[in-house]
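User: Please take a close look at one part of this model, the packing of its early helices, and then follow the picture outward to whatever adjoins that part or can be described beside it.

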Amino acid sequence: MDDLRRIDLNLLLTLHALLAEKHVSRAALRLHRSQPAVSHALAQLRELFADPLLVRRGGRLQATARAQALVEPLQQALEQLDGLLAHPGFDPRKARRSFRLAMSDYGARVVLPGLMRVLRDEAPEVDLVVIQGSREAMLGHLFDGEADLALGVFAQQPAELQVETLFEERFTCIADRRHLPVRGGLELAEWLSRPHVLVAVRPGVDNEIDLALSAIDARRRVALALPHWAAAQEVIAGTDLVLTIAQRSLDNSKLDPRLRRFDPPLPIKAFAFQQAWHQRRESEPGHRWLRERVAQVSASPPR
């Protein structure tokens, strides 16, 4: 018991991330903490375990024998602690709790309206808190417990996470009618010659549209990059800008009458929109209920 009093549980979470990543910067990103804070925690862990834990060999950090022996019992200990705090059952009609969801502007647009209708009907005392960030930050929120569930596109799926595909999403284009042919959309050459709007939390990171262009050795000019799906649509009207956007982010009944949608002039790979959670939450009844409701509302066809 005396040894336990010396341990800050946050140190164990940091150790878990460091042993998984074997890289201080990546562990910091995963934990959504600063690199100096993680370095300081590593120094504390080394003193606590009387072992260097991670040593540099050939320019990379490698786990010591002592650290390798800690991986499995540490994972089990964190799972047991999580189970200790978990609710034994979940009755949505009576439950009073809050869930934290990490999602982009797009995720909020396509999932939240339906999810809130379900919650108000089935679980009126259940609250949601939505936090936003890049894909990497959302995964970090899951690892450090800052988020219960993350909604997005997760190409990299660490072993500690569970991921479920909610739907396959495709792209469409919109532009001002005055800058389009009377019928149809734009041919590739004309589409490339026009200025574009890019919706991205972190501009400069590869996206599905520019990857498709790269495959045919072509590039477009991005005249505006911003992280907001709704605002991106509003800046198109009255300009020669083109926006290529995920289909579900558009509500045809509310589309500005000055705009028209059309198919992209090149094949763009569809992407899987997913929900992700840490395996510590896998068997928690309330969490499972929430995941099922998210999947339920996401199954609805695009408007």
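Analyst: Two helices count as roughly perpendicular when the angle between their axes is 65 to 115 degrees. The model is a predicted one, and the helix packing described here is computed from its coordinates. The axes of α2 and α4 cross at roughly 100° and come within 10 Å of each other, and α2 and α4 are therefore roughly perpendicular. On the α2 side the contact is made by Leu 11, Thr 14, Leu 15 and Leu 18, which meet Val 38, Ala 41, Leu 42, Gln 44, Leu 45 and Phe 49 of α4. Sorted by class, the residues of this contact are eight nonpolar and two polar, with no charged residue.

Helix α4, which spans residues 35-49, also packs against helix α3, residues 24-31, at an angle of about 110° and with the two axes 9 Å apart. The pair α3 and α4 is therefore roughly perpendicular as well. Here α3 contributes Val 24, Ser 25, Ala 27, Ala 28 and Leu 31, while α4 contributes Gln 35, Val 38, Ser 39 and Leu 42. The residues of this second contact divide into six nonpolar and three polar, again with no charged residue. Val 38 and Leu 42 of α4 are among the residues that meet α3, and Val 38 and Leu 42 are also among those that meet α2.

From the helices one can turn to the enclosed space in the model, where the count comes to one cavity, taking 30 Å³ or more as the cut-off. The largest cavity has a volume of about 50 Å³, and its lining consists of Leu 13, His 16, Ala 17, Leu 31, Leu 78, Phe 143, His 278 and Arg 280. Helix α2, residues 9-21, gives the most to this lining, with three residues. Leu 31, one of the lining residues, is also one of the α3 residues that meet α4. By class the lining holds five nonpolar, two polar and one charged residues.

Another lining residue, His 278, leads to strand β12, which covers residues 271-278 and runs antiparallel to strand β5, residues 149-152, with three bridges joining the two. Within that pairing, Leu 151 has Gln 275 of β12 as its bridge partner. Both strands belong to an open sheet of five strands, ordered β4-β3-β5-β12-β6 with mixed pairing. The edges are formed by β4 (126-131) and β6 (161-169), each of which has a single partner strand, so one side of each is left without a neighbour in the sheet. Neighbouring strands in this sheet are turned by 25° against each other on average, direction ignored.

Ala 272 also lies in β12. Beyond its neighbours within four places in sequence, Ala 272 is in contact with Gly 152, Val 153, Thr 165, Phe 167 and Glu 168. Ala 272 and Arg 260 are twelve residues apart in sequence, yet their C-alpha atoms are 25 Å apart in space.

The other sheet to describe is an open one of five strands, with the order β9-β8-β10-β7-β11 and mixed pairing. Its edge strands are β9 (221-226) and β11 (259-262), each with a single partner strand, so one side of each is left without a neighbour in the sheet. In this sheet the average turn between neighbouring strands is 30°, direction ignored. Strand β7, residues 171-176, pairs with strand β10, residues 242-246, in the antiparallel sense over five bridges, and Cys 173 stands opposite Thr 244 of β10.

How values were computed:
Residues are numbered from 1 along each chain as its sequence is written. This is a predicted model: local features need pLDDT of at least 70, side-chain atom pairs count only at pLDDT 80 or more; totals for chains, interfaces and linings use all residues. Side-chain values use heavy atoms; hydrogens and water are left out. On a 1 Å grid over the protein atoms alone, a cavity is a set of points where a 1.4 Å probe fits but cannot get out, and a pocket is an open set with protein on both sides within 12 Å along at least five of seven lines; lining residues have an atom within 4 Å of a point. Grid points are joined across faces, edges and corners, and a volume is the space filled by probe spheres set on the points. Helices (H or I, at least four residues) and strands (E, at least two) are DSSP runs, numbered from the N terminus. Ala, Val, Leu, Ile, Met, Phe, Trp, Tyr, Cys and Pro count as nonpolar, Asp, Glu, Lys and Arg as charged, and the others, Gly among them, as polar. Axes are lines fitted to C-alpha atoms, for helices over the stretch in contact, and angles run from 0 to 180 degrees between N-to-C directions. Angles under 35 degrees count as roughly parallel, over 145 as roughly antiparallel, 65 to 115 as roughly perpendicular and the rest as oblique. Contact means heavy atoms within 4.5 Å. Two strands pair if DSSP finds at least two bridges between them.
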